[in-house]
Amino acid sequence: MDKLQAMQVFTRVVESKSFTGAAASMDMTRSTATTIVQKLEAHLKVRLLNRTTRSVSLTPDGAAYYERCLRVLADIDEAENSFSSLAAPKGKLRVEMSGAIGRLVVLPALDDFYEKYPEIDLLLGIGDKAADLVQEGVDCAIRMGSLTDSTLVAKRIGVSEFVTTASPEYLEQHGTPRSLDDLADHFAVHYVSSRRGRMVDMAFRVDGDAVDVRMRSRLASNDGEAYLQCGLRGHGLIQTFKFLAQPHIESGALVEVLEPWRPAPLPISAVYPQNRHLSPQVRVFVDWISDLFEKSHMLKRELPALIGVDITRPLKLPARS
C-alpha cells in the first residue's frame, strides 16, 4: 500500500464528503478510491469513516487521523515546494471565475501566461455560479464581493467599481435621473443573483452609507451578459461592473447616470481551500493575475486594503455566523 497516496485519498474523501467527488478530483475511479481507503483502515486496524448510501462522515478515530494527515501532507508539500523555484511550475491547475472576468480580462491575456508557464495545463471554469472548491476539486477561484466561507483562504488581487447606466434611447424617452428621488419615475432591469437566489435592488452610496432603492421593473435576468444586453437595448437602468460597461460608455452605447452616488466597489480575491498547501501552480497563477489586474486601471487593487496581506501568509476568512 502506498501510504502517502492513501493519506491523500482519505483527506480528499473527507473534504469532498464523498468517494465519488474525491475520485473525480484525483483522476481515479470511485472503486479505486474506495479500495485504497479500505486498505488504509485494514492497515491501521480502525474504522476511519462512517458510510451510508447518501453521506460519508468521520469516526472519532478518523477525525484524529485526518488532523494528523493534514500536518504530514503539509510538511511534505512544504519540503517539495522549497525546491520549486529551481524548476518551472508544471501540472494541472483548475481555476474558477465569473464569466465577465474570464471573457474580458483573463482569456485575452492567456498568451502571456503560457509564454511564462508553458508546462501548466490550465482548466478554466467560467460562469456566474460559484463552484464548491473542495467538493468539485477546484484549486483556485477568483471571487468578487465579500467572502465569508471559513474553509477558504484569500488574497485581495483587485477591486471593481460599479456604474449605473442606461442607453441613450431609454434616456431620451424617460429623461435622465439627476437624483435618487428621480428613480421613482424610471424602470430598472433587475439582476437575479445565482448565489442568493433573489433579485438584487439598485444600490447607491449617500454620504458614505449604502442605500438600496427598489425600483419598478418589467425585466430581470440571472446572466451577466444578458443583463448588459437588456440595458443596451433600452429596457431600463442597469447597474454593472465598470470594466464591463466601459467599452460601451466610450462608444456611446451606454451613458453613466447618478455618478455622485456610485455603489461601493467590490473587492476581487483569489481564494483556495485552507486545507491544501499552496501549490507552485496556484502561486504563479495568483501572482500573474494580480499583475494583470494591477495593469488594468479599472481592476487595480486598493493598496491600503492589502497592507499585511501576503499570499505566503494568506488571510483566513471568518467563520459563518
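Contact here means heavy atoms within 4.5 Å. In this predicted model, residues 24 or more positions apart account for 77% of the chain's contacts that have a separation of 6 or more. The chain has 321 residues, of which 43% are buried, and its secondary structure comes to 10 helices and 16 strands.

A good place to start is the interior. The largest nonpolar core holds 42 residues, and those touching the most other members are Ile101, Ile142, Phe243, Phe285, Trp288, Ile289 and Phe293. Helix α10, spanning residues 280–295, gives the most to this core, with eight residues. Another core lies apart from it and has 22 residues, including Met28, Ala33, Val56 and Leu73.

Helix α5 (residues 99–106) is mostly covered, with six of its eight residues buried. The buried residues of α5 are Gly99, Ala100, Ile101, Gly102, Val105 and Val106. Several residues of this stretch meet Phe243: once neighbours within four places in sequence are set aside, Phe243 is in contact with Ala100, Ile101, Leu104 and Val105, as well as with Met144, Ser160, Met298 and Leu299.

Phe243 also leads to helix α9, where Lys242, Phe243, Leu244, Ala245 and Gln246 are buried. The surroundings of this helix are varied, as its buried residues pack against helices α5 and α8 and against strands β5, β6, β7 and β13 (238–241). After α9 comes Gly252, which has a positive phi near 90°.

Attention can now turn to the charged side chains. The whole structure contains 10 salt bridges. One of them joins Glu96 and Arg143, with the closest N and O atoms 3.4 Å apart. Glu96 belongs to strand β3 (residues 91–97) and Arg143 to strand β5 (residues 140–144), so this salt bridge ties together parts that are 47 residues apart in sequence. Both Glu96 and Arg143 are buried.

A second pair is formed by Glu161 and Lys242, whose closest N and O atoms are 3.7 Å apart. Distant parts of the chain are linked here: Glu161 sits in the loop between β6 (152–160) and β7 (162–166), whereas Lys242 is in helix α9 (residues 242–251), 81 residues apart. The two ends of this salt bridge fall into separate accessibility classes. Because its relative accessibility is 32%, Glu161 counts as partly exposed, while Lys242, at 16%, counts as buried.

This pair is part of a network of salt bridges that links Glu161, Lys242, Glu256, Glu259 and Arg262. Arg262 is placed in the loop between β14 (255–257) and β15 (266–273). With a relative accessible area of 16%, Arg262 is buried. The side chains of Arg262 and Glu161 are joined by a polar contact of 3.3 Å. Beyond neighbours within four places in sequence, the residues in contact with Arg262 are Glu161, Phe162, Val163, Phe204, Arg205, Lys242 and Glu256.

Elsewhere, Asp201 and Arg214 meet through their side chains in a salt bridge of 3.6 Å, N to O. Asp201 is in the loop between β9 and β10 (202–206), and Arg214 is in the loop between β11 (209–213) and β12, so the pair ties together parts that are 13 residues apart in sequence. Arg214 is exposed, with a relative accessible area of 71%.

The strands β9 and β12 bring the description to a sheet. Three strands form this open sheet, in the order β9-β8-β12, with mixed pairing. Strands β9 (198–200) and β12 (216–221) stand at the edges; each has a single partner strand, so one side of each is left without a neighbour in the sheet. From one strand to the next, the twist averages 45°.

Within the sheet, strand β8 (residues 187–193) pairs with β9 in the antiparallel sense over three bridges. Tyr191 has Val200, in β9, as its bridge partner. Helix α8 (residues 224–232) lies across β8 and β12, and runs at about 180° to β8.

How values were computed:
Residues numbered from 1 in each chain as written. Predicted model: local features only at pLDDT ≥ 70, side-chain atom pairs only at ≥ 80, totals over all residues. Heavy atoms only, no water. Core = buried A, V, L, I, M, F, W, Y, C linked by side-chain atoms within 4.5 Å. Buried < 20%, exposed > 50% of the residue type's maximum accessible area, 1.4 Å probe, protein only. Helix = DSSP H or I, 4+ residues; strand = E, 2+ residues; numbered from the N terminus. Pairing = 2+ DSSP bridges. Axes fitted to C-alpha atoms, helices over the stretch in contact; angles between N-to-C directions. Salt bridge = Lys/Arg side-chain N within 4 Å of Asp/Glu carboxyl O. Polar contact = N/O pair within 3.5 Å; in protein donor to acceptor, adjacent residues only side chain to side chain.
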